[in-house]
Amino acid sequence: MKKFLLMVAVAFSAATYAQTEKGNWMAGSDLGLSSKETTSRKSGNTTVENEKTTNTFKFIPNINYFVINNLAVGLGLEYHNTKEKGASDATDTFIIAPNATYFFPLSANLAPFVGAKVGYAMASAGSSDANKDNGLVFGGKAGIAYFVNQGAAITGYVGYDSYSLKNKADSKAETQRGILGVGVGVALFF
């Protein structure tokens, strides 16, 4: 009887961690919010630094492949809409970013994770080239996934994105942005 119970426990354990096994796919979407942004804008010899209150909404569809157990690599397409408190105009940012996420399964339903991305960002606050920036973005996040069943999980995380952008009209004008925020998401495993 003990051998039977041990075999059932091993089989159950293997089944619950099957979502993050090598060879599986994960597709999902995240929604993120943030309210603080630090900016450093350099033009020639002048540098202006400030921290401002913003409302940033993020929509991030992504697809990932598990290259080894618990490690997924993939691609995310991101849309960010940022509006400074009291301002009438918003900045729209589009990002394409390869990413990697590592899961640490704790139980049948919970798995903390960490993730990183590096990608290309295009930001626009208007139609003229003086209002457009593009460049690199680096990001990291840490959170937890709750597996509602074998094929789906709900995630929550804290993340930080760092941008290094150059102005389209004046390549000597550089902007460094940092945004800290939270997000929730849904992931499907197949």
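1. In this predicted model, the lining of the largest pocket draws at least two residues from each of β1 (25-43), β2, β3, β4, β7 (152-167) and β8 (173-189). Among these contributors β2 gives the most, with four residues. The pocket has a volume of about 490 Å³, and of the 23 residues that line it, E37, K52, T91, A125 and D133 lie nearest its centre. Sorted by class, this lining has seven nonpolar, eight polar and eight charged residues.

2. The strands named above belong to a closed barrel of eight strands, which runs β1-β2-β3-β4-β5-β6-β7-β8 with antiparallel pairing. Neighbouring strands of this sheet are turned against each other by 20° on average, when direction is ignored.

3. A reader following the chain may begin with strand β2 (residues 46-68) and strand β3 (residues 71-84), which run antiparallel and are joined by twelve bridges. Two positions show how they are matched: N55 stands opposite K83 in β3, and K58 stands opposite H80, also in β3. The hairpin of β2 and β3 has two residues between the strands, and N70 there takes a positive phi near 75°.

4. Strand β3 also pairs with β4 in the antiparallel sense, here over 13 bridges, and L75 is found opposite P98 in β4. These two strands form a hairpin with five residues between them, and in its turn G86 has a positive phi of about 90°.

5. On its other pairing, β4 is joined to strand β5 (residues 110-124) by ten bridges, the two strands running antiparallel. The bridge partner of I96 in β5 is Y120, and the hairpin that β4 and β5 form has six residues between them. Strand β5 in turn pairs with strand β6 (residues 132-149) in the antiparallel sense over 15 bridges, with G119 standing opposite V137 in β6.

6. One residue of β4 deserves a separate remark, namely N99, which has its place in that strand (residues 90-103). Is N99 buried or exposed? N99 counts as buried because its relative accessible area is 17%, and the limit for a buried residue is under 20%. Leaving aside neighbours within four places in sequence, N99 is in contact with N64, A72, V73, G74, L75, G76, A116 and K117. One of these contacts, L75, is the residue already described as standing opposite P98.

7. Besides the open pocket, the enclosed spaces should be considered, since the structure holds two cavities of 30 Å³ or more. The largest cavity has a volume of about 470 Å³, and its lining consists of 35 residues, of which D30, I60, N62, K141 and Y157 lie nearest the centre. Two or more residues of this lining come from each of β1, β2, β3, β4, β5, β6, β7 and β8.

8. Which strand gives the most to the lining of the largest cavity? That strand is β1, with eight residues, whereas for the largest pocket the strand that gives the most is β2. By class, the lining of the largest cavity divides into 14 nonpolar, 15 polar and six charged residues, and this may be read beside the seven nonpolar, eight polar and eight charged residues of the lining of the largest pocket.

Key: Residues are numbered from 1 along each chain as its sequence is written. This is a predicted model: local features need pLDDT of at least 70, side-chain atom pairs count only at pLDDT 80 or more; totals for chains, interfaces and linings use all residues. Side-chain values use heavy atoms; hydrogens and water are left out. Two strands pair if DSSP finds at least two bridges between them. Axes are lines fitted to C-alpha atoms, for helices over the stretch in contact, and angles run from 0 to 180 degrees between N-to-C directions. Buried means under 20% relative accessible area, exposed over 50%, partly exposed in between (1.4 Å probe, protein chains only). Contact means heavy atoms within 4.5 Å. On a 1 Å grid over the protein atoms alone, a cavity is a set of points where a 1.4 Å probe fits but cannot get out, and a pocket is an open set with protein on both sides within 12 Å along at least five of seven lines; lining residues have an atom within 4 Å of a point. Grid points are joined across faces, edges and corners, and a volume is the space filled by probe spheres set on the points. Ala, Val, Leu, Ile, Met, Phe, Trp, Tyr, Cys and Pro count as nonpolar, Asp, Glu, Lys and Arg as charged, and the others, Gly among them, as polar.
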